[in-house]
Amino acid sequence: MSIPSVLVLPGPAQGHVYPMMNFSQKLVENGCKVYFVNTDFNHKRVVSSMVEQQESLDESLVKLVSIPDGLRPEDDRTDFVKLFDAILSTMPSMLQRKIEEIHLYGEDRISCIVADVNMGWALNVGNKLGIKGALFWPASAAMFAFQCNIPALIDKGIIDSDGLPITKKTFRISPTMPVMDTVTLFWSNVADSINLKKIVNSLKYCAGTTHLTKWWLCNTTYELEPGALPFVPKLLPVGPLLRSYDNKNVNARSIGQFWEEDLSCMSWLDQQPHHTVVYVAFGSFTLLDQNQFKELAIGLDLTNRPFLWVVRQDSNCTNKMTYPNEFLGSKGKIVSWAPQQKVLSHPAIACFVSHSGWNSTMEGLSNGVPFLCWPYFSDQFFNKKYICDELKVGLGFDSDENGLVSRLEIKTKVDQLLSDENIRSKSLELKEKVTCNIAEGSRSSENFNRFVKRLKE
């Protein structure tokens, strides 16, 4: 039986690249080769973040390759409308050319394309070249159901054809699923109606590619989303997709990160008592203004607890924050990027102050860590509601009349969360349910094995 060569194409963002890299490493562990295709821009970031860690990547089994995204080097990649316009006009032909190059000059023939749902156009490229495909969804099953039901939501008068809420109300996609709110639709922070229409049309187009494959894969578990998964029975949970670390190599870094991980925080955590550290990390996109940054800094001081705070300081982070004069920070450690999965599995961690991105949610749940949710954009608002109201393993912050989360609110919620034994026990209960899916014979594991078996046939 020959080794199947799989081309993996993530969406052009950290929260999409990382889970698909974990998925790719799992493919390799199960006897596949992977061509991991980033945009040129993100490929450079991934390679530079690896520093001297190339030895942890077996290049005979995972090849990092790239194609242009259609934008200039100086263009803003956080402008998703502009980025996806450029991608749709540039990348399909570039991907086809890349595959033809692999077939012409390499020893492999691509047998399957696994594309992020938001890059679903790649399945059309595969069809043209006679290559089967699969779709990968890096967010929750509930959000997949939502995206696939945009046309139905328009028909039902919940949103208009531009994606704007027709009324401010809650709705359910199905009776088994959690309530959603039109005020927190994941594109609700897009102010420009022309761009909003483009986003909605792009989402509808991507959802329209699902008929090109019967393999829809998702980083979730049956136990975590028992309401959403029956509504989309073709969506196969293969989560939690966690990095496999070699325990002998304490300096191993994650592959697929845009920034180099600061491993010094692990030895710092080793010095802290168990269940005492407040871990604060808002992912790759969240930007706080100076006032909110100040309140957070002083709020962490007020908790009088050790804290590990991730504050991005990189060339792509344009709003450099200034620490307030009254900020002591003496009990804490600040890093520019952390090995998050390792951090959350450390016994010193007491809670996770998070933007509630799905990868962070899965990592926190898999380690039994309670959440303090501070969503910024996209599906994070729904994830917060799910964590707090459905799973009951976290609390949210309340803003004041100026939209600011105050220092006292931060201290109060940290104290409230860490004194709540019920939340702590629910978190540990859920950890057992979620992580049992990693074991051989579990439902997620069986779904993954069926997919690999199909690749090898």
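This is a walk through a predicted model, one selection at a time.

**Stop 1: the parallel strands**

Start by selecting strand 1, residues 5–9, together with strand 2, residues 33–39. These two pair in the parallel sense, over four bridges. To see one of the matches, pick V8 and look across to its bridge partner in strand 2, F36. Now follow the chain from strand 1 into helix 1, residues 14–29, and on to strand 2: you have traced a β-α-β crossover, and it is right-handed.

Next, add strand 3, residues 62–67. Strand 2 pairs with this one too, again in the parallel sense, here over six bridges. Select Y35 and you'll find its bridge partner in strand 3, K63.

How many residues of strand 2 are buried? Seven of the seven, so the strand is largely enclosed by the rest of the structure.

**Stop 2: the nonpolar cores**

Keep the view where it is and bring up L27, V114, Y279 and F451. They are the residues with the most contacts inside the largest nonpolar core, which has 93 residues. V114 is a good one to centre on. Leaving out residues up to four places away in sequence, V114 touches V6, L7, V8 and L9, along with M20, F23, A134, F136 and F451. V8, the bridge partner of F36, is thus among the residues you meet around V114.

There is also a second, separate core, this one of 24 residues. Select F282, W309, V311 and L395 to find part of it.

**Stop 3: rings**

Show the aromatic side chains. The structure holds 23 aromatic pairs. For a single example, zoom in on F307 and F327: the pair is tilted, with 6.3 Å from centre to centre and 40° between the planes. F307 belongs to strand 11 (residues 307–310), while F327 sits in the loop between strand 11 and strand 12 (332–335), so this pair ties together parts that are 20 residues apart in sequence. Both F307 and F327 are buried.

For a cluster, select F23, F136, W215, F448 and F451, which are linked by ring pairs. F23, F136 and F451 should look familiar, since they are among the residues that V114 touches.

Two arginines are worth a click while the rings are on display. R77 lies over the face of F41, 4.4 Å from the ring centre. R443 does likewise with Y222, at 3.7 Å from the ring centre.

**Stop 4: backbone oddities**

Most residues other than glycine have a negative phi, and most peptide bonds are trans. Here are some exceptions to look at.

- Select G239 and P240: the peptide bond joining them is cis, with omega about -5°. P240 is in the loop between strand 9 (235–237) and helix 8 (264–270).
- Move to H275, in the loop between helix 8 and strand 10. H275 has a positive phi of about 55° although it is not a glycine. At 46% relative accessibility, H275 counts as partly exposed.
- Then go to S356, in the loop between strand 13 (349–354) and helix 11 (358–366). Phi of S356 is positive too, near 70°. Is S356 buried or exposed? Buried, at 0% relative accessibility.

**Stop 5: a few single residues**

Pick S284, in the loop between strand 10 (277–281) and helix 9 (290–303). With a relative accessible area of 17%, S284 is buried, because the cut-off for that is under 20%. Which residues are in contact with S284, leaving aside its neighbours within four places in sequence? They are Q14, W259, R312 and W337.

Now try Y205, in helix 7 (residues 193–207). Y205 is partly exposed, at 36% relative accessibility. Setting aside neighbours within four places in sequence, its contacts are L88, W121 and N124. Draw a distance from Y205 to W121: C-alpha to C-alpha it comes to 8.5 Å, though the two are 84 residues apart in sequence.

Finish at L153 in helix 6 (residues 150–155). L153 is buried, with a relative accessible area of 3%. Beyond its neighbours within four places in sequence, L153 is in contact with F146, I158, I159 and F171. For a last distance, go from L153 to S202, 49 residues apart along the chain: their C-alpha atoms are separated by 16 Å.

Definitions and conventions:
Residues are numbered from 1 along each chain as its sequence is written. This is a predicted model: local features need pLDDT of at least 70, side-chain atom pairs count only at pLDDT 80 or more; totals for chains, interfaces and linings use all residues. Side-chain values use heavy atoms; hydrogens and water are left out. Rings of Phe, Tyr and Trp (its six-membered ring) pair if their centres lie within 6.5 Å; planes under 30 degrees apart count as stacked, over 60 as edge-to-face and the rest as tilted. Buried means under 20% relative accessible area, exposed over 50%, partly exposed in between (1.4 Å probe, protein chains only). A charge sits over a ring if NZ of Lys or CZ of Arg is within 6 Å of the ring centre and within 35 degrees of the ring normal. Two strands pair if DSSP finds at least two bridges between them. A crossover is right-handed if, with the strands pointing away from the viewer, the path from the first strand over the helix to the second runs clockwise. Contact means heavy atoms within 4.5 Å. A nonpolar core is a set of buried Ala, Val, Leu, Ile, Met, Phe, Trp, Tyr and Cys residues joined through side-chain atoms within 4.5 Å.
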